[in-house]
Structure formats: structure tokens, C-alpha cells
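Colleague: I would like to learn how to read a single-chain model feature by feature, with the general idea first and the particular case after it. Could we go through one together?

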Amino acid sequence: MPRYDVMIEKDACDGIFACLTRDPRFVEGEDGLATVDPDADPVYDCAGDVTDTADRVVATFDDDRIDEARQAAAACPTDAIVVEAVDAAESTEEVAE
């Protein structure tokens, strides 16, 4: 399964929430902006690491749902969401360290 990062730049997010209709892991955060919650999906049991700072949200997943995340990113009218595949060799190095 591909490993990938989902990044939301908070300065670019306007809280339009088009992403929420494309991927149920995207939810409205306490600050009124989009965030990611792996437990929010009522159908799939998701596991992911989420880091939420003042500037951005970064979530890392290791599953087969990268296309849903990309659809959420494409739906964002302010381009606040970026989805990037993480290099498998890089992942292996991190485990080895």
C-alpha cells in the first residue's frame, strides 16, 4: 500500500469544506478550518498520524485511499491541500534507524 502525506496550509484554507464531501477523513476543526481525523470515517477503520500546528496540518497514511485524498485536494478552491506520496525507500530508511 502506498504511504502518503496530506498537508493542509491553514493560511490558505477559507473553511469552504469542499474537501469534506470527497474524503470523510477531512473534518471541520475547532478553529473553523479543515483538518484531518483518521477516526472520522464511519465505514473504514483508518490509521494515520496527524500533526496539527499553528501553520498546517500534516497527516501520514499507509493505506490504499490516496485517490480519495487527492480528490479532496482537487476540490479545494484555494489549493490549501497537498497530497504527496512518500518514497518507499525513504520509509524503509526511517524504519531501519
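Modeller: What follows is a short walk through this model, from its overall layout to single residues.

Colleague: Before anything else, what kind of model is this, and how many helices and strands does the protein chain have?

Modeller: It is a predicted model, and a sensible start is to list the secondary-structure elements in order. The protein chain has two helices and six strands, and, read from the N terminus, these elements follow the order β-β-β-β-β-α-β-α.

Colleague: What share of the 97 residues is buried, and how much of the accessible surface belongs to carbon and sulfur atoms?

Modeller: Buried residues account for 39% of the 97 residues in the protein chain. The accessible surface of the chain is about 5800 Å², and 46% of that belongs to carbon and sulfur atoms. As for contacts with a separation of 6 or more, 59% of them are made by residues 24 or more positions apart.

Colleague: For a helix, which residues of α1 are buried, and what do they pack against?

Modeller: The idea is to take the buried residues of the helix and then ask which elements they meet. In α1 the buried residues are Ile-66, Ala-69, Ala-72, Ala-73 and Ala-75, and the buried residues of this helix pack against β1 (3-9), β2 (26-28) and β6 (81-85).

Colleague: Turning to charged side chains, is Arg-25 buried or exposed, and what does Arg-25 touch?

Modeller: Arg-25, which is found in the loop between β1 and β2, has a relative accessible area of 1% and is therefore buried. Leaving aside neighbours within four places in sequence, its contacts include Asp-37, Asp-41, Asp-63 and Glu-68, along with Tyr-4 and Arg-65. The C-alpha atoms of Arg-25 and Asp-41 are separated by 5.5 Å, although the two residues are 16 residues apart along the chain.

Colleague: And where is Arg-65 found, and is Arg-65 buried or exposed?

Modeller: Arg-65 sits in the loop between β5 (56-62) and α1 (66-75), and with a relative accessible area of 5% Arg-65 is buried. Not counting residues up to four places away in sequence, Arg-65 touches Tyr-4, Asp-23, Pro-24, Arg-25, Asp-41, Tyr-44 and Cys-46. Tyr-4, Asp-41 and Cys-46 also appear among the contacts of Arg-25.

Colleague: For contrast, is Ala-47 buried or exposed?

Modeller: At 60% relative accessibility, Ala-47 counts as exposed, and its place is the loop between β3 (34-36) and β4 (48-52). Ala-47 touches Pro-38 and Phe-61 when residues up to four places away in sequence are not counted. The C-alpha atoms of Ala-47 and Phe-61 lie 6.8 Å from each other, with the residues 14 residues apart along the chain.

Colleague: How should I read the cysteines, and how many disulfides does the structure hold?

Modeller: A disulfide is a covalent bond between the sulfur atoms of two cysteines. The structure holds zero disulfides. Cys-19 is in no disulfide, and the nearest cysteine sulfur, that of Cys-76, is 6.5 Å away; Cys-76 is likewise in no disulfide, its nearest cysteine sulfur being that of Cys-13 at 6.3 Å. Because their relative accessible areas are 4% for Cys-19 and 11% for Cys-76, and buried means under 20%, both residues count as buried.

Colleague: How many cavities of 30 Å³ or more does the structure hold, and which residues are closest to the centre of the largest cavity?

Modeller: There is one cavity of 30 Å³ or more, and about 100 Å³ of space lies in the largest cavity. Its lining has 14 residues, those closest to its centre being Cys-13, Ile-16, Phe-17, Cys-19 and Cys-76. By class, the lining divides into eleven nonpolar, two polar and one charged.

Colleague: Lastly, what is the phi of Phe-17, and what is that of Asp-79?

Modeller: Most residues other than glycine have a negative phi, and most peptide bonds are trans. Phe-17, in the loop between β1 and β2, has a positive phi of about 65 degrees although it is not a glycine. Asp-79, in the loop between α1 and β6, has a positive phi of about 55 degrees, and it is not a glycine either. Asp-79 is exposed, with a relative accessible area of 60%.

Key. Residues are numbered from 1 along each chain as its sequence is written. This is a predicted model: local features need pLDDT of at least 70, side-chain atom pairs count only at pLDDT 80 or more; totals for chains, interfaces and linings use all residues. Side-chain values use heavy atoms; hydrogens and water are left out. Helices (H or I, at least four residues) and strands (E, at least two) are DSSP runs, numbered from the N terminus. Buried means under 20% relative accessible area, exposed over 50%, partly exposed in between (1.4 Å probe, protein chains only). Contact means heavy atoms within 4.5 Å. Accessible areas come from the Shrake-Rupley method with a 1.4 Å probe; for residues, only the protein chains shown count as cover. On a 1 Å grid over the protein atoms alone, a cavity is a set of points where a 1.4 Å probe fits but cannot get out, and a pocket is an open set with protein on both sides within 12 Å along at least five of seven lines; lining residues have an atom within 4 Å of a point. Grid points are joined across faces, edges and corners, and a volume is the space filled by probe spheres set on the points. Ala, Val, Leu, Ile, Met, Phe, Trp, Tyr, Cys and Pro count as nonpolar, Asp, Glu, Lys and Arg as charged, and the others, Gly among them, as polar. A disulfide is a pair of cysteine sulfur atoms within 2.5 Å.
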